[in-house]
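Let's take a walk through the inside of a protein and see what we run into. Keep the picture handy as you read.

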Amino acid sequence: MAAVHDHDVAHAHDHHPSGMMRWMMTTNHKDIGTMYLWFSFIMFLTGGVMALTIRAELFQPGLQIVNPEFFNQLTTMHGLIMIFGAIMPAFVGFANWQIPMMIGAPDMAFARMNNWSFWLLPPAALLLLSSFFVPGGAPAGGWTIYPPLSVQMGMGMDMAIFAIHIMGASSIMGSINIITTILNMRAPGMTLMKMPMFVWTWLITAYLLVLVMPVLAGAVTMLLTDRNFGTNFFNAAGGGDPVMFQHIFWFFGHPEVYIMILPAFGIVSEVIPTFARKPLFGYSSMVYATASIAILSCIVWAHHMFTAGMPVTGQLFFMYATMLIAVPTGVKVFNWTATMWRGSMTFETPMLFAIGFIFLFTLGGFSGVVCAIVPIDIQVQDTYYVIAHFHYVLVSGALFGIFSGAYYWLPKWTGHMYDETLGKWHFWLTMIFFNLTFFVQHFLGLAGMPRRIPDYALQFADFNMISSIGAFGFGLSQLLFLYIVLKCIRGGAKAPAKTWEGGKTLEWTLPSPAPYHTFETPPVVR
């Protein structure tokens with residue numbers, strides 16, 4: 001009888017759910033990473049459709065397609081979906097897939113919490129999107145949801161607040177998991193200063209998330225009580241202060257910008273040494289620069305508020321602190337360039353996206369320094385110059401980093417090589433149409449075109465037309481990426497054991513040591 005019982009227990013342990021239940025119940029870091037990546041891509045396409053509707057409306061002056069209220073709902077939801085639904089979950093997907101393998105851990109530290117942190121996202125996304133269909137429609141006050149505008153909107157605003165809460169909880173759980181995994185589960189012999197750069201950037205990012213997500217939760221909770229329970233946190237008539245919301249929001253919002261870019265720095269720091277066939281130049285300075293950026297990001301929040309009536313001493317402090325962030329960022333750009341210098345470089349798709357990242361992100365950094373200068377910022381505040389700046393940072397920055405990492409690790413994830421020719425097509429189409437879309441917006445902004453408006457004066461017509469054509473080209477190019485990924489998953493050339501040697505020698509061209517190990521197997525203690 002006991003033997004039968006033991007057999008039943010063993011059989012029960014062998015049973016693995018299949019179909020949908022496998023994905024619902026999985027605790028495998030690779031499955032969860034895959035779900036994060038697919039979710040983020042679906043959200044990317046959703047936010048992209050909204051962006052294309054915005055650009056279609058702006059193709060020429062006059063109101064054509066949508067009414068002004070719906071236009072503002074689109075700009076708001078586009079921002080929220082791209083940030084909380086596309087960019088952040090994509091990087092968490094990379095973290096889930098790669099961090100355990102890179103540090104020699106069997107899985108993430110809290111496997112069930114990992115599953116839960118993902119499955120909070122789809123309901124939150126549905127909640128956010130369904131706000132379009134309630135009376136009053138989706139929130140229309142910009143993704144920053146400033147009061148007093150956000151206090152006066154319909155119930156769609158409450159739904160958005162709830163969705164933000166849920167997504168924030170997901171981020172915090174994911175971050176706790178990542179921190180614990182990195183600090184407690186590294187293979188023997190892997191000290192912190194021997195970790196891959198991607199692991200370092202995610203460790204620092206996770207600490208930032210744990211620090212600032214509760215701040216956002218506090219801000220939107222106060223907004224919720226102002227809207228529904230008669231409090232006056234941000235209501236000037238009741239003794240509150242709408243500018244206080246801006247301070248609280250941007251104390252979250254500025255580190256959030258770095259949360260979205262630091263993992264991309266990590267990916268690029270993995271890709272460039274591979275295709276330059278040299279170790280990363282200045283590893284320890286990269287680690288310290290990443291930490292410096294994270295720390296400084298917490299003391300520059302009010303550079304988003306130069307027009308809110310700040311005293312001059314405050315403006316000066318935030319201006320200089322913002323410019324200071326350019327120093328560690330410059331260290332990173334220098335190190336990537338130095339890594340490529342005299343390397344035996346090849347230009348596969350991951351490397352193309354990484355180089356595109358460096359070039360265009362640096363451009364976005366320069367326009368950021370321009371925006372940091374108070375008198376100039378007062379001129380370009382709320383114009384298309386700001387739109388151009390942060391899209392250079394977040395599209396050619398974060399998104400190019402995601403594409404680079406996706407092509408780089410796809411062979412490892414799927415066991416198949418992607419179609420290199422199509423990958424290069426995807427890069428060049430994306431690169432050309434991205435610049436066509438956003439570069440001209442600098443000129444629109446300098447000429448004074450305000451953002452978040454569905455109609456504009458005639459003198460802005462030409463650049464808007466160019467921008468809209470670029471946007472449609474950019475959007476359609478991403479369908480090529482979807483095709484490349486699906487084709488790679490379904491089959492194709494088998495990926496070799498060491499994917500990126502590809503018949504080319506990996507001799508170290510300079511007298512620097514070969515890397516400590518390749519992460520194909522857990523490192524041995526030396």
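Start with a hole in the middle of things: Tyr36, Phe84, Met88, Pro89, Val92, Leu121, Met167, Ser170 and Ser171 form the lining of the largest cavity. Keep in mind that this is a predicted model. The space inside that cavity comes to about 90 Å³. Which helix gives the most to this lining? That's H4, with four residues. Helix H4 covers residues 68-103, and helix H7 (155-184) also supplies at least two lining residues. As for chemistry, the lining has seven nonpolar residues, two polar ones and no charged ones.

How many cavities of 30 Å³ or more turn up in the whole structure? The search finds two. The second largest has a volume of about 30 Å³, and its lining is made of Met88, Phe91, Val92, Trp202, Thr205, Leu209, Ile259 and Pro263. Two or more of these residues come from each of H4, helix H8 (197-228) and helix H9 (242-276). Here the split is seven nonpolar, one polar and no charged. Met88 and Val92 appear in the linings of both cavities.

Now for a single residue, Thr437, which sits in helix H15 (residues 420-446). The side chain of Thr437 reaches the backbone oxygen of Phe433 at 2.7 Å. A polar atom of that side chain also lies 3.0 Å from the backbone nitrogen of Ala471. Setting aside neighbours within four places in sequence, Thr437 is in contact with Ser467, Gly470, Ala471 and Phe474.

Leu296 is another one to look up, this time in helix H10 (residues 283-297). If you skip residues up to four places away in sequence, Leu296 touches Leu324, Ile325 and Pro328. Ala457 is another story: Leu296 and Ala457 are 161 residues apart in sequence and 39 Å apart in space, C-alpha to C-alpha.

So is each of these residues buried or exposed? Buried means under 20% relative accessible area, and here are the values, with two cysteines added.

| Residue | Relative accessible area | Status |
|---|---|---|
| Leu296 | 14% | buried |
| Thr437 | 3% | buried |
| Cys371 | 10% | buried |
| Cys488 | 1% | buried |

Thr437 counts as buried because its 3% falls under the 20% cut-off.

Those cysteines bring up one last thing to check. A disulfide is a covalent bond between the sulfur atoms of two cysteines. How many disulfides does a search of the whole structure find? The count is zero.

Conventions: Residues numbered from 1 in each chain as written. Predicted model: local features only at pLDDT ≥ 70, side-chain atom pairs only at ≥ 80, totals over all residues. Heavy atoms only, no water. Buried < 20%, exposed > 50% of the residue type's maximum accessible area, 1.4 Å probe, protein only. Contact = heavy atoms within 4.5 Å. Polar contact = N/O pair within 3.5 Å; in protein donor to acceptor, adjacent residues only side chain to side chain. Disulfide = S-S within 2.5 Å. 1 Å grid on protein atoms, 1.4 Å probe; cavity = no way out; pocket = protein on both sides within 12 Å on 5 of 7 lines; lining within 4 Å. Points joined across faces, edges and corners; volume = space filled by probe spheres on them. Nonpolar A, V, L, I, M, F, W, Y, C, P; charged D, E, K, R; others polar.
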